[in-house]
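These notes are meant for a colleague opening this entry for the first time. Please keep the sequence and the structure at hand while going through the numbered points.

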Amino acid sequence: MILFFNVFITNSRGSAGSTNRYDRLDLFKHSLASYAKIDRITRVVIYAELDGDYKNRAEELVNFLAETFPGLPIDFHDYSAANQTQWRQLLTESNLLDTTEPILYMGNDDHLFIDQDTDVLY
């Protein structure tokens, strides 16, 4: 199973003047860690565009991915697809259109995998 994220990590969320309760990159890392519990993941593909406050933390995220998914191939890209043309490019360059493996796609940086029993997922 290929774990595939396409996300935009930003502090600029919600209505004007609102602030986030948690650091968005730390929250994304927590989310990624929750998916590491899935033992059938064979490859990790991450398209994560890091906005302003987070651009200087790309190496931190790459290191976290290597620690969280040891031994797995990890494709990290520091941008995300936002329109149809970008999606076509993303899917082509990552060879996701050519695979017969199941793909677990996540488009949110803050959605955790919380199922304690993976039988339904499998």
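How many salt bridges does the structure hold?

1. The structure, which is a predicted model, holds seven salt bridges. One of them joins R24 to D109, with the closest N and O atoms 3.0 Å apart. Since R24 belongs to helix α1 (residues 24-35) and D109 to the segment after β4 (103-106), the pair ties together parts that are 85 residues apart in sequence. As for their surroundings, R24 is buried, and D109 is buried as well.

2. Another salt bridge runs between R43 and D75, whose closest N and O atoms are 2.7 Å apart. Here the partners both come from strands, R43 from β2 (residues 43-50) and D75 from β3 (residues 74-77), so this pair ties together parts that are 32 residues apart in sequence. The two partners fall into separate accessibility classes: R43 has 16% relative accessibility and therefore counts as buried, whereas D75, at 25%, counts as partly exposed. The cut-off behind this is that buried means under 20% relative accessible area.

3. A further salt bridge is formed by the side chains of R57 and E60, at 2.8 Å from N to O. R57 counts as buried because its relative accessibility is 16%, while E60, with a relative accessible area of 31%, is partly exposed. This pair does not stand alone, for R57 and E60 are linked with D23, D26 and K29 in a network of salt bridges. A reader who wishes to follow the network in the viewer could begin at R57 and E60 and then look for D23, D26 and K29.

4. Which strands does β1 pair with, and in what sense? Strand β1 pairs with β2 in the parallel sense over eight bridges, and β1 also pairs with β4 in the parallel sense, over four bridges. To find the register on the β2 side, one can use N6, which stands opposite Y47; on the β4 side, L3 stands opposite L104. Strand β1 itself, which spans residues 2-9, is mostly covered, seven of its eight residues being buried.

5. The aromatic side chains deserve a separate look, as a search of the whole structure finds eight aromatic pairs. In one of these, the ring centres of F4 and Y47 are 6.3 Å apart and the planes stand at 85°, so the pair is edge-to-face. With F4 in strand β1 and Y47 in strand β2, the contact ties together parts that are 43 residues apart in sequence. Both rings are on buried residues, F4 having a relative accessible area of 3% and Y47 one of 0%.

6. The rings of W87 and Y105 form another edge-to-face pair, because their centres are 5.8 Å apart and their planes are at 70°. This time a helix and a strand are involved, W87 lying in α3 and Y105 in β4, so that the pair ties together parts that are 18 residues apart in sequence. W87, at 25% relative accessibility, counts as partly exposed, and Y105 is likewise partly exposed, with a relative accessible area of 39%. The residues of both pairs come together with Y79, since F4, Y47, Y79, W87 and Y105 form one aromatic cluster.

7. Helix α3 (residues 84-93) has features at its start and just after it that may be checked by eye. At the start, a side-chain oxygen of N83 reaches to within 3.1 Å of the backbone nitrogen of T85. Just after α3, N95 takes a positive phi of about 60°.

8. Is Y35, a residue of helix α1, buried or exposed? Y35 is buried, with a relative accessible area of 3%. Beyond its neighbours within four places in sequence, Y35 is in contact with L3, F5, I41, F69, L104, M106, H111, L112 and F113. The side chain of Y35 also reaches the backbone oxygen of H111 at 3.3 Å. A separation of 8.6 Å is found between the C-alpha atoms of Y35 and I114, which are 79 residues apart along the chain.

9. A last point concerns a charge placed over an aromatic ring: the charged end of R40 sits over the ring of Y122, at 3.7 Å from its centre.

Notes:
Residues numbered from 1 in each chain as written. Predicted model: local features only at pLDDT ≥ 70, side-chain atom pairs only at ≥ 80, totals over all residues. Heavy atoms only, no water. Salt bridge = Lys/Arg side-chain N within 4 Å of Asp/Glu carboxyl O. Helix = DSSP H or I, 4+ residues; strand = E, 2+ residues; numbered from the N terminus. Buried < 20%, exposed > 50% of the residue type's maximum accessible area, 1.4 Å probe, protein only. Pairing = 2+ DSSP bridges. Polar contact = N/O pair within 3.5 Å; in protein donor to acceptor, adjacent residues only side chain to side chain. Phe/Tyr/Trp six-rings, centres within 6.5 Å; stacked < 30°, edge-to-face > 60°. Lys NZ or Arg CZ within 6 Å of the ring centre and 35° of its normal. Contact = heavy atoms within 4.5 Å.
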